[in-house]
Structures are given as C-alpha cells and as structure tokens.
Amino acid sequence: MPRLVQQSVRLAAKPEALYRMYLDPLQHAAFTGKSPVRIAAVPGAEFWGFEGMIHGRVLALTPGRQIVQSWRSLEWMPDDLDATLVLTFWPDPDGARVDLNHVNVPDHLYEKIQIGWPNHYWNPWRAYLARSASS
C-alpha cells in the first residue's frame with residue numbers, strides 16, 4: 001500500500017534561492033554531491049539524478065514557492081504507482097523552511113525513502129550552504 005513521507009527542514013537561504021538551486025542542474029548536483037542531474041524550471045521537463053537512480057517529470061511550478069514532480073526510483077516495482085513529490089518553500093527567521101510531501105511511496109521502500117531525504121538532500125544541502133557562506 002502506498003505511503004506518505006512528510007518532512008520539514010530549515011535551511012540557511014531564502015526560499016527563492018533554494019527553489020532556484022533545486023531547479024538548476026549544476027547547483028542541484030553541487031549540493032547533493034552527485035552529478036550529473038537533469039532538471040529544468042519548466043513544467044513537463046524530465047528529471048533524473050543520482051546516476052539515473054531517480055527520475056520523473058516536473059509537473060507544476062509556483063515560482064519561488066512550490067515544485068511538484070512525478071518521481072520514482074529504479075527500485076520501484078513495475079506495478080508501483082509513480083510517486084508525487086511536493087516541495088514548498090517558506091520564509092523563516094534563519095532563511096527558509098522546506099516542507100516535503102512525498103505521496104504514493106511504495107510500502108517496500110518507505111523506510112529507505114524516509115531516511116534517504118536527510119542523507120541525500122537535507123544534510124548535504126545544509127553543508128553546501130554553510131561552505132558557500134564561509135567562502
């Protein structure tokens with residue numbers, strides 16, 4: 001049965017900057033430490049990252065505020081539904097809060113996806129921002 005992963009993280013950058021970073025292939029690759037990444041700030045654009053391990057499409061964009069993607073990994077079973085990823089970016093006194101809602105995550109991958117976001121996105125992104133601020 002598909003599940004929902006919900007997470008919130010605070011990052012030391014303005015919401016609009018984080019939004020742009022996520023949608024820029026070079027910056028996305030830089031903050032995740034993985035390359036290359038294919039992504040564009042255009043609804044319908046193909047997305048893939050982590051050497052093709054994850055892929056999907058940009059479904060909808062609200063500039064500076066929200067990104068919606070279809071999303072699946074190579075570990076999805078053929079009959080698993082595509083997941084929908086919704087990222088929203090909110091002002092916060094220290095920069096921004098990013099809220100993640102990852103809908104239709106296959107049950108057999110729930111724990112892996114749950115810990116994957118901090119390990120592959122939030123922690124590396126936070127470290128990248130700290131390095132950039134000290135440069």
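## Exercises: helices on a sheet

Helix 2 (residues 25-32) and helix 3 (residues 110-134) have axes that come within 7 Å and cross at roughly 95°. Axes here are lines fitted to C-alpha atoms, for helices over the stretch in contact, with angles from 0 to 180 degrees between N-to-C directions. Helices (H or I, at least four residues) and strands (E, at least two) are DSSP runs numbered from the N terminus. We're working with a predicted model, where local features need pLDDT of at least 70, side-chain atom pairs count only at pLDDT 80 or more, and totals for chains, interfaces and linings use all residues. Residues are numbered from 1 along each chain as its sequence is written, and side-chain values use heavy atoms, leaving out hydrogens and water.

**Exercise 1.** Classify the crossing of helix 2 and helix 3, and list who meets whom.

*Solution.* Start with the angle: it makes helix 2 roughly perpendicular to helix 3 (that class spans 65 to 115 degrees). Next, the contacts (heavy atoms within 4.5 Å): His28, Ala30, Phe31 and Thr32 in helix 2 meet His120, Tyr121, Pro124, Trp125 and Tyr128 in helix 3.

**Exercise 2.** Work out how the sheet is put together.

*Solution.* First, the order: six strands form an open sheet, 1-6-5-4-3-2, with antiparallel pairing (a pair needs at least two DSSP bridges). Then check the edges: strand 1 and strand 2 (46-49) each have a single partner strand, so each has one side without a neighbour in the sheet. On average, neighbouring strands are turned by 25° against each other, direction ignored. Now zoom in on strand 2: four bridges tie it to strand 3, and phenylalanine 47 has glycine 56 in strand 3 as its bridge partner.

**Exercise 3.** Place helix 1 and helix 3 relative to the strands.

*Solution.* Helix 1 lies across strands 1, 2, 3, 4, 5 and 6 and runs at about 150° to strand 5. Helix 3 also lies across strands 1, 2, 3, 4, 5 and 6, running at about 15° to strand 1.

**Exercise 4.** Find what tryptophan 125 touches, then check alanine 130.

*Solution.* Skip residues up to four places away in sequence, and tryptophan 125 touches Leu11, Leu18, Met21, Tyr22, Phe31 and Phe89. Alanine 130 is in helix 3 too. With 47% relative accessibility, alanine 130 counts as partly exposed (between buried, under 20%, and exposed, over 50%, with a 1.4 Å probe and protein chains only). Finally, the C-alpha atoms of alanine 130 and alanine 12 are 7.8 Å apart, although 118 residues separate them along the chain.

Note on methods
Angles under 35 degrees count as roughly parallel, over 145 as roughly antiparallel, 65 to 115 as roughly perpendicular and the rest as oblique.
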